[in-house]
Amino acid sequence: MFLTRKALLGVSAAALAATAPVAGGTATAVGAPGAGSPVARTIVPEADVSHHGHVSLRGDVLGIWLRSENDGPSDLPGVTVRLRVSVPPAEGQELPGACLRADPRTVLCRTGPLRADGSQQRRLALHLKLRGRPDEVVVRIDTAWNGGATDRNAKNSEHEVLAPATGDPYVF
């Protein structure tokens with residue numbers, strides 16, 4: 001069997017079209033049925049989001065300082081960080097513009113875009129007045145949304161920190 005030049009160009013064009021990115025950062029897998037087919041497979045972007053920082057509890061104020069970054073391989077349009085606290089924040093306090101309360105003990109904050117090379121770190125400083133004066137607070141930090149990317153190293157973006165009411169920074 002041999003291929004004519006015209007047939008070879010047709011095969012090359014089909015292979016190129018099957019691997020070209022489409023809107024949303026996905027591509028049709030090579031050898032998969034056409035994009036209009038209900039069984040078309042997609043390649044999901046992959047990223048490595050990490051959150052690091054420290055928390056501090058002094059009196060009834062919990063401070064959370066957070067740095068988020070992405071070590072790729074795909075850029076992300078944004079990430080939503082979930083901060084859950086064991087003692088509910090007091091009602092009626094103003095949060096930074098990038099944050100909102102999801103429930104009585106959870107705050108969600110957006111980071112904005114994160115480039116895949118880790119060079120675009122996003123920082124957040126949050127001061128939450130708590131209900132009462134607890135002796136300690138447990139803070140859970142994780143990624144609530146990352147644009148649908150796969151993160152094979154989620155351990156560097158999931159943390160649980162115990163912060164006694166000493167005013168000292170507890171690093172994660």
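Buried means under 20% relative accessible area, exposed means over 50%, and partly exposed lies in between (1.4 Å probe, protein chains only). This is a predicted model, in which local features need pLDDT of at least 70, side-chain atom pairs count only at pLDDT 80 or more, and totals for chains, interfaces and linings use all residues. Residues are numbered from 1 along each chain as its sequence is written, and side-chain values use heavy atoms, with hydrogens and water left out.

**Exercise 1. Find the disulfide, place its two cysteines, and classify each as buried or exposed.**

Step 1. Apply the criterion: a disulfide is a pair of cysteine sulfur atoms within 2.5 Å. The structure holds one, and it joins Cys 99 to Cys 109 with an S to S distance of 2.0 Å.

Step 2. Place the ends. Cys 99 sits in strand β6 and Cys 109 in strand β7 (residues 106-110), ten residues apart, so the pair is described as linking distant parts of the chain. Helices (H or I, at least four residues) and strands (E, at least two) are DSSP runs, numbered from the N terminus.

Step 3. Check the accessibility. Cys 99 counts as buried because its relative accessibility is 10%, and Cys 109 is buried too, at 2%.

Step 4. Read the handedness: the angle about the S-S bond is 110°, and the link of Cys 99 and Cys 109 is right-handed.

**Exercise 2. Describe the surroundings of Ala 98.**

Step 1. Locate Ala 98 in the loop between β5 (80-85) and β6 (99-103).

Step 2. Ala 98 is partly exposed, because its relative accessible area is 26%.

Step 3. List its contacts (heavy atoms within 4.5 Å). Leaving aside neighbours within four places in sequence, Ala 98 meets Leu 108, Cys 109 and Arg 110. Cys 109 is one end of the disulfide from Exercise 1.

**Exercise 3. Which side chain makes a polar contact with the side chain of Asp 60?**

Step 1. Find Asp 60 in the loop between β3 (49-58) and β4 (61-70); with a relative accessibility of 17%, Asp 60 counts as buried.

Step 2. Recall the rule: a polar contact is a pair of N or O atoms within 3.5 Å; within protein, one must be able to donate a hydrogen and the other to accept it, and residues adjacent in sequence count only if both atoms are side-chain atoms.

Step 3. The partner is the side chain of Lys 129, at 2.6 Å. Beyond residues up to four places away in sequence, Asp 60 also touches others, including Leu 128, Leu 130 and Arg 133.
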